[in-house]
Amino acid sequence: MYHGIINIYKEAGYTSHDVVAKLRGILGQKKIGHTGTLDPDATGVLPVCLGVGTKLCDMLTDENKEYVALLRFGVTTDTQDLSGTVLDRQEVTITDKQAAEIAAGFLGTYEQIPPMYSALKVNGQKLYELAREGREVERKARTVRIEELEILKTELPAMKMRIVCSKGTYIRTLCDDIGKKAGCGAAMEFLQRTRVGKFRIENALTLSDVETLRTDGGLEEHIVPPDAVFPDLACAKVRQKYRKLLENGNCLAAEMTEDCKRTGDGGQIRVYDDQGLFFGIYRYEERTDTLFPVKMFIR
């Protein structure tokens, strides 16, 4: 069984669940999970967790993401992208400079209302299922953050952007909101995710690449071990005579470890056995000089 994270390039036409299902077949293991959905028409980076690495799924969803998107002014659709039903068309009268200024106005935090065509649930039902039934329900706005927004190219009515944003940001909705601000509407024409945290598009593997590497050998070199996701955390090795406590997931006195770098109250530490095998992430409590398990990754 494989354990860790593999950086997959999701191709157009696949859902994120499709990718997981195909990887289960290719790798011959069931314990696989993705770290955040991409629309079927979107392409790009989809980190997939394998084996004990699936415990990282919720942690990786918190990472900032980078996208390249193509926005088209003058058209509004029910899905907020060009795959949907056109609701309205308007003449585009803004200039390149005005378009860039409107987009730049979304830098920082803003309140974004999730789209109806999304996997979010309301009263136990996915929004896209309700949307397909022709129903629309009230959605609460969520605070999202646009860290960076760079205009790569403008040929109105189209505008290509690079966006770095917080988790939970819908780029389709950002395009729609920019269109509303412009007064002519807009929809997303193209979307590619180029980065999730440390995982970048230039290192991503297609499903075909994974299948070839599994057959020919060398796939392990492309699987990032769980502890490599936390390079900035201090680490500590537990002395051999306390190994049983480590195996059982007990709290550990800092003196039971070698070279424990005390991180300050609440700081997190990577914990290994005396042979360098990664066991998990622990939280340091200053008052008691103790390490408390946060998440264990031992197989």
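**Exercise 1. Determine in which sense strand 19 and strand 20 pair, and over how many bridges.**

Solution. Begin with the assignment: strands (E, at least two residues) and helices (H or I, at least four) are DSSP runs numbered from the N terminus, and two strands pair if DSSP finds at least two bridges between them. Strand 19 (residues 278-285) and strand 20 pair in the antiparallel sense over six bridges, and within this pairing Y282 has P293 in strand 20 as its bridge partner. Next, consider the connection: the hairpin of these strands has four residues between them, and D289 in this hairpin takes a positive phi near 55°.

The model is predicted, so local features need pLDDT of at least 70 and side-chain atom pairs count only at pLDDT 80 or more, whereas totals for chains, interfaces and linings use all residues. Residues are numbered from 1 along each chain as its sequence is written, and side-chain values use heavy atoms, with hydrogens and water left out.

**Exercise 2. Place strand 20 in its sheet, and find which strands form the edges.**

Solution. Strand 20 (residues 290-296) also pairs with strand 16 (residues 252-253), in the antiparallel sense and over two bridges; here A253 stands opposite T290. Extending the view to the whole sheet, six strands form an open arrangement in the order 16-20-19-18-15-17, with mixed pairing. The edge strands are strand 16 and strand 17 (257-258), each of which pairs on one side only.

**Exercise 3. Classify the aromatic pairs F106 with Y110 and F278 with F297.**

Solution. Rings of Phe, Tyr and Trp (its six-membered ring) pair if their centres lie within 6.5 Å, and planes under 30 degrees apart count as stacked, over 60 as edge-to-face and the rest as tilted. By this rule the count comes to four aromatic pairs. For F106 and Y110, the ring centres are 5.1 Å apart and the planes stand at 75°, so the pair is edge-to-face. For F278 and F297, the centres are 5.5 Å apart and the planes stand at 25°, so this pair is stacked. The stacked pair links distant parts of the chain, since F278 lies in strand 19 and F297 in the segment after strand 20, 19 residues apart. Burial is judged by relative accessible area (buried under 20%, exposed over 50%, partly exposed in between, with a 1.4 Å probe and protein chains only). F278 is buried at 9%, and F297 is buried at 3%. Together with F230 and Y272, F278 and F297 form one aromatic cluster.

**Exercise 4. Decide how the buried residues of helix 1 are distributed around its axis.**

Solution. The buried residues of helix 1 (residues 16-27) are S16, V19, V20, L23, I26 and L27. They cover an arc of only 125° around the axis, which puts them on the same side of helix 1; the arc is that of the directions from the helix axis to the C-beta atoms. On the other side, H17 and G25 are exposed. The buried residues pack against strand 1 (4-10), strand 2 (32-34), strand 3 (43-50) and helix 6 (207-216), where contact means heavy atoms within 4.5 Å. Finally, the residue that follows helix 1 is G28, whose phi is positive, near 70°.

**Exercise 5. Establish whether Q80 is buried or exposed, and what it is in contact with.**

Solution. Q80 is found in the loop between strand 5 (75-77) and strand 6 (86-89). At 12% relative accessibility, Q80 counts as buried. Leaving aside neighbours within four places in sequence, Q80 is in contact with P115, R172, T173, D176, A187 and M188.

Methods. Expected span 1.5 Å × (residues − 1).
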